[in-house]
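Trainee: Could you take me through one part of this model in close detail? I would like to see how a single residue sits among its surroundings.

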Amino acid sequence: MNLLTVENISKSYGERVLFNNLSFGINKGQKIALIAKNGTGKTSILNIMSGLDSPDSGQVNYRKGIRVSFLDQEPNLDGNLTVEQTIFASENEILKVIHAYENALKNPEDADAYQVAFEAMDRFNAWDFETLYKQILFKLKLEDLDAKVGLLSGGQKKRLALADALINKPDLLVLDEPTNHLDLEMIEWLEEYFAKENMSLFMVTHDRYFLERVCNEIIELDNGQLYPYKGNYSYYLEKKEARIEQESVEQHKSERLFKKELEWMRRQPKARTTKSKSRIDDFSTIKEKASQRRKEHEVQLELNMERMGSKILELHKISKSYPDKPILDKFEYNFTKGERVGIIGKNGTGKSTFLNIVTGSDQPDSGKVVVGDTIKFGYYTQKGINIKEGQKVIDVIRDFGDFIPLKKGKQISAQQLLERFLFDRKKQYDFVDKLSGGERKRLYLCTVLIQNPNFLILDEPTNDLDIVTLNVLESFLLDFPGCLIVVSHDRYFMDKIVDHLFVFRGNAVVEDFPGNYSDYRSYESSKVLEEREEKANIKESSANKNVQKQSSSKSKLSYSEQKEYKNLEKDIQKLETKKVTVQDKFADANLTGEEIDKLSIELKEINEAIEAKTERWFELSAQMED
């Protein structure tokens with residue numbers, strides 16, 4: 001079933017053409033990702049689909065009656081409302097059903113209206129709405145339902161907008177960078193949520209693991225053309241490479257044909273037959289094909305990194321806390337040459353505070369930070385670039401000099417450097433405030449790297465960067481000989497770049513894990529399994545001891561009491577196992593309110609049964625000891 005059709009849309013800003021005559025459709029069950037370079041029109045396409053912008057030509061058609069939700073990069077929320085009020089103020093179909101049911105309750109004499117409202121509550125599963133929205137809000141770390149939206153951070157607002165979109169349970173959900181501002185635990189929960197929910201998706205994201213695990217189709221916008229790939233990210237990479245190879249072969253053929261036709265044109269045949277005129281007309285088409293060049297640049301960064309001495313960075317018993325929030329407690333670590341550390345942890349556990357202490361922009365409550373004399377930090381923060389009014393892209397780089405030193409005594413101009421960062425000559429003279437979010441991040445990254453640091457600190461460097469730029473950044477960092485600290489929720493990026501992790505657990509607990517993110521997840525999963533097996537073994541051992549005790553003392557009980565005592569041991573063990581099973585069910589984020597109530601009653605009955613049987617077991621045990 002078709003949900004949406006985009007027909008021949010075009011968009012330009014002045015002389016700058018983003019795209020022409022793009023067409024695609026979205027069907028029920030599809031989970032599509034749109035991939036393109038920064039500044040080529042991804043967000044413009046999403047804005048046109050959501051109605052926030054209109055195309056210069058073409059149209060977007062939605063299937064009548066479907067529910068659609070949009071998640072923008074910068075959601076427009078009412079700052080005067082609380083978190084919970086924001087959910088109830090949305091255009092949620094379920095809320096309308098609940099409202100109709102409440103009105104029906106006020107008019108009990110209208111039996112037909114009540115029946116319709118009651119059936120709608122069943123159809124939309126609206127009875128469990130409160131349970132649903134609270135589960136999603138809590139998963140996204142929005143536990144304070146009374147918090148004013150105006151006082152929330154940018155990340156919290158984005159998560160609230162995401163929660164609102166999910167709670168609406170739309171037929172089609174359109175997402176712009178959904179994993180930005182989510183920690184790793186939230187991202188993995190969101191992946192599981194989309195895997196379970198029968199929801200059609202259309203998204204822009206740079207998170208390659210998210211693409212791999214969530215999407216079943218990818219559309220690439222490349223040089224103004226759309227290329228669909230019916231598969232996940234791995235399939236896309238494989239087929240894209242094959243497409244580029246084929247285009248390269250065709251390009252070579254076009255160039256050869258162009259040379260041949262050019263020679264013929266230069267001879268300027270005097271006899272202008274119908275055939276020769278047609279050939280002359282075709283020449284312009286051949287020339288256009290032959291002159292096409294793939295705009296695939298790679299950033300080649302052979303910057304002249306400062307030499308590192310023997311002393312790098314030493315952290316001596318660093319402590320830091322805020323009211324009711326400990327961050328570090330006597331943390332110690334000495335960095336060595338070439339170390340590559342990834343930092344992971346839930347939002348609010350102190351990752352950015354740690355970076356600020358390392359770079360001296362924040363001070364510890366106690367302890368000492370010792371930085372080597374030769375160390376030059378390059379600190380990429382989440383704040384991004386400071387935009388000066390009227391400043392052009394080239395001016396930003398020239399603030400650091402007209403020429404930048406490279407290795408082996410070479411140098412390049414500011415213009416050449418920008419070209420290596422994928423800014424062509426025309427783009428260099430655009431005003432900075434007209435750049436897309438991803439282009440600004442790329443420019444900011446350029447300003448950090450050209451200062452020749454030998455200790456790079458990157459706080460969420462992958463946010464808003466397109467996949468092309470991410471691949472370029474990864475290639476540079478893999479060859480970077482200095483030290484590196486990275487905070488990122490991009491698991492693919494972390495797996496390629498870092499050698500070990502600082503895991504911020506919260507409450508000033510920081511663990512040093514020897515491996516990348518995938519290693520860490522495998523370790524955590526195996527640890528959970530070991531803990532479950534250990535609990536099961538302890539229960540089995542306890543049961544065996546009780547059986548032995550019973551067998552040595554059963555002569556003090558009557559036959560029926562001995563039999564009862566033996567059965568009590570088994571019954572209690574079964575009830576304890578059943579209790580654990582029921583408790584584990586509460587962790588399911590998809591539980592309805594009715595299911596939670598049933599589980600609560602069942603758990604209460606199990607606890608009462610355990611208590612009664614345990615009390616009887618003690619009575620019989622006392623008789624054996626008499």
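Mentor: Happy to! Let's begin with a definition: helices and strands are DSSP runs, numbered from the N terminus, with at least four residues for a helix and at least two for a strand. In this predicted model, the protein chain has 20 helices and 20 strands. The chain holds 626 residues, of which 44% count as buried.

Now let's zoom in on Glu-339. You will find Glu-339 in the loop between strand 11 (325-335) and strand 12 (340-345). Glu-339 is buried, yet it has no salt bridge. The nearest side chain of opposite charge belongs to Arg-340, and it is 10 Å away. A salt bridge would need a side-chain nitrogen of Lys or Arg within 4 Å of a carboxyl oxygen, so Arg-340 does not qualify.

What does the side chain of Glu-339 have instead? Its side chain and that of Tyr-333 are joined by a polar contact of 2.3 Å. Setting aside neighbours within four places in sequence, Glu-339 is in contact with Tyr-333, Asn-334, Gly-482, Cys-483, Leu-484 and His-500. For the wider setting, look at contacts in the protein chain between residues at least 6 apart in sequence: 67% of them join residues at least 24 apart.

Further along the chain comes helix 11 (residues 351-359), where Lys-351, Thr-353, Phe-354, Leu-355, Ile-357 and Val-358 are buried. Just after helix 11, Gly-360 takes a positive phi of about 90°.

Notes: Residues numbered from 1 in each chain as written. Predicted model: local features only at pLDDT ≥ 70, side-chain atom pairs only at ≥ 80, totals over all residues. Heavy atoms only, no water. Buried < 20%, exposed > 50% of the residue type's maximum accessible area, 1.4 Å probe, protein only. Lys, Arg positive; Asp, Glu negative; His and termini not counted. Polar contact = N/O pair within 3.5 Å; in protein donor to acceptor, adjacent residues only side chain to side chain. Contact = heavy atoms within 4.5 Å.
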